[in-house]
Amino acid sequence: MIRFLQRTIRGLLYLLSCRVSPNELSSLILTINSRVTIQNSEIESRQHKKFEFWRLKYGFPSCTQSKPEDGIVNLTDITLSDTQISLLKKGLNFRLPKEPDLLYTISGIESSLQHQSHVDKHYIRSTITNKLLASSKRSLTAPSSTKKDFASLKTLKNHSDIIISRSDKGSQVVMMKADEYERKMLDLLSDPDTFHEIPTERIAAFSDNFKFALRTLKRNGSITPEQLQRFTYNLTGVPYIYGLPKTHKPHIPLRPIVAYHLSPALHLAKYLTNLLKPLVKAHNLFSVQDPTEFLTKLKSIPQPDVLPCPPST
C-alpha cells in the first residue's frame with residue numbers, strides 16, 4: 001500500500017508540474033514531505049506502544065544489554081562492551097584479517113615461474129620478495145584496534161556457557177545460555193511423531209547402496225560417467241540438526257534446521273530440484289511463488305453475491 005501511494009503521489013506531482021508554477025510545486029512537495037515525516041513518527045509511536053503491550057502480556061524478553069537498532073539480542077547475564085557490540089553488529093560472517101601465508105605464496109610464485117627465462121625469474125623474484133618483506137613487517141605490528149578486536153573475540157570465545165547464533169527472521173545476532181539452548185533442542189527432539197533415533201551405521205549402509213545404484217544406472221546407460229562423478233559424494237556423514245531462535249515469538253522458541261550438506265544424495269537432490277521445479281510450477285494449479293501471485297489468483301475466483309448464512313446451533 002505504501003509503494004502504491006508513493007507511485008500515485010509521483011504521478012500526481014508529474015501532472016501538477018505542467019499546471020502550477022515551480023514555487024507552488026516546491027511548496028507542495030515540502031508540505032507532503034513534512035506530512036509524511038509526521039505520519040511516520042505517529043506510526044512508529046503506535047507500533048512501539050503495541051509491542052510493549054504484547055511484550056508485557058506474553059512475556060517477551062526485554063533486551064536491556066543492547067538497543068533494538070544494534071541488531072543484537074542478549075538473553076544472557078553478560079554485559080557486552082562497546083567493542084564486542086561493534087563486532088557482533090558486523091554479523092557472524094565477519095572475521096578479522098589473518099597474516100599472509102608466505103610459504104604458500106612463495107610456492108605458488110615458483111610454480112608459475114617455470115616457463116620464464118632466467119633473467120625474468122630473477123627480476124620477478126627480487127620484486128616480489130621486497131613486497132613480501134615490506135608487507136610482513138607491517139603485519140608484525142598490528143594496530144591497536146585490531147588487537148582490541150582479537151581480545152574481545154577471545155573473551156567471547158572463552159564463555160563456553162553461551163551460544164551465539166543468528167535469529168530465524170532478520171539479521172539479528174542472538175546470545176543465549178547454552179543450557180537453555182540445549183533444553184529447547186531436547187524438547188524439540190523428544191517429539192516421537194516428528195523425530196526418532198536411528199543408528200549411525202544406517203548412514204554408511206545407505207551411502208553404499210546409493211553408490212551401487214548409481215553404478216548400476218551408469219552400466220545401463222541411464223546416466224553418463226560425468227553425472228556419476230557429479231552425483232557421487234564421498235564426504236558423507238550424519239546430517240545434524242540445530243535451532244535458530246525465533247526472537248519475534250513469545251519465550252523465543254527454536255526453529256529446527258537439518259543440515260543436509262553431508263548427505264550422500266546431496267548433489268542428486270540438487271539436480272532433481274532444478275529439473276522438477278519448472279514442471280511443478282507449470283502443472284500445479286495450487287503452487288504460488290509469492291503473496292502477490294496468491295492475491296492475483298484469489299481475485300480470479302468468482303465470489304457469490306450473497307454470502308451463505310452460518311448454520312444455527
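A polar contact is a pair of N or O atoms within 3.5 Å, where within protein one atom must be able to donate a hydrogen and the other to accept it, and where residues adjacent in sequence count only if both atoms are side-chain atoms. In the structure above, one such pair is found at Ser 167, where a polar atom of the side chain lies 2.8 Å from the backbone oxygen of Lys 169. The structure is a predicted model, in which local features need pLDDT of at least 70 and side-chain atom pairs count only at pLDDT 80 or more, while totals for chains, interfaces and linings use all residues. Residues are numbered from 1 along each chain as its sequence is written, and side-chain values use heavy atoms, with hydrogens and water left out.

The protein as a whole comes to 11 helices and five strands, where helices (H or I, at least four residues) and strands (E, at least two) are DSSP runs numbered from the N terminus. Of its 313 residues, 19% count as buried; buried means under 20% relative accessible area, exposed means over 50%, and partly exposed lies in between, with a 1.4 Å probe and protein chains only. A contact means heavy atoms within 4.5 Å, and among the contacts with a separation of 6 or more, 51% are between residues 24 or more positions apart.

A good place to begin is strand S3. Four of the five residues of S3 (residues 173-177) are buried, so this strand is largely enclosed by the rest of the structure. Two strands pair if DSSP finds at least two bridges between them, and S3 pairs with strand S1 (residues 72-74) in the parallel sense over three bridges, whereas with strand S2 (residues 162-166) it pairs in the antiparallel sense over five bridges. On the S1 side, Asn 74 has Met 175 of S3 as its bridge partner, and on the S2 side, Ile 163 stands opposite Met 176 in S3.

Asn 74 itself, which has its place in strand S1, counts as buried because its relative accessibility is 5%. The side chain of Asn 74 makes a polar contact of 2.6 Å with the side chain of Thr 76, and a polar atom of the Asn 74 side chain also lies 2.8 Å from the backbone oxygen of Ile 78.

The hairpin of S2 and S3 has six residues between the strands, and in this hairpin Gly 170 takes a positive phi near 80 degrees. Ser 167, the residue met at the start, lies in the loop between S2 and S3 and, at 0% relative accessibility, counts as buried. Leaving aside residues up to four places away in sequence, Ser 167 touches Gln 172, Val 174, Leu 244, Pro 245 and Thr 247.

The next element to follow is helix H7 (residues 178-189), which has 12 residues and reaches 16 Å from its first C-alpha to its last, close to the 16 Å expected at 1.5 Å a residue; the expected span is 1.5 Å times one less than the number of residues. The buried residues of H7 are Ala 178, Tyr 181, Lys 184 and Met 185. Seen down the axis of H7, these buried residues fall within an arc of 130 degrees, so they line one face of the helix, the arc being that of the directions from the helix axis to the C-beta atoms. An α-helix has 3.6 residues a turn, so residues three or four places apart point the same way. The buried residues of H7 pack against S2, S3, strand S4 (240-245) and strand S5 (254-259).

The aromatic rings come last. Rings of Phe, Tyr and Trp (its six-membered ring) pair if their centres lie within 6.5 Å, and planes under 30 degrees apart count as stacked, over 60 as edge-to-face and the rest as tilted. By this rule the count comes to three aromatic pairs. One of them is the stacked pair of Phe 206 and Phe 210, at 6.3 Å centre to centre with 20 degrees between the planes. Both residues lie in helix H8 (residues 201-219), four residues apart, about one turn of the helix. Phe 206, at 43% relative accessibility, counts as partly exposed, whereas Phe 210 is buried, with a relative accessible area of 13%. The rings of Phe 231 and Tyr 271 have their centres 5.2 Å apart and their planes at 55 degrees, so this pair is tilted. The pair links distant parts of the chain, with Phe 231 in helix H9 (residues 225-231) and Tyr 271 in helix H10 (residues 266-283), 40 residues apart.
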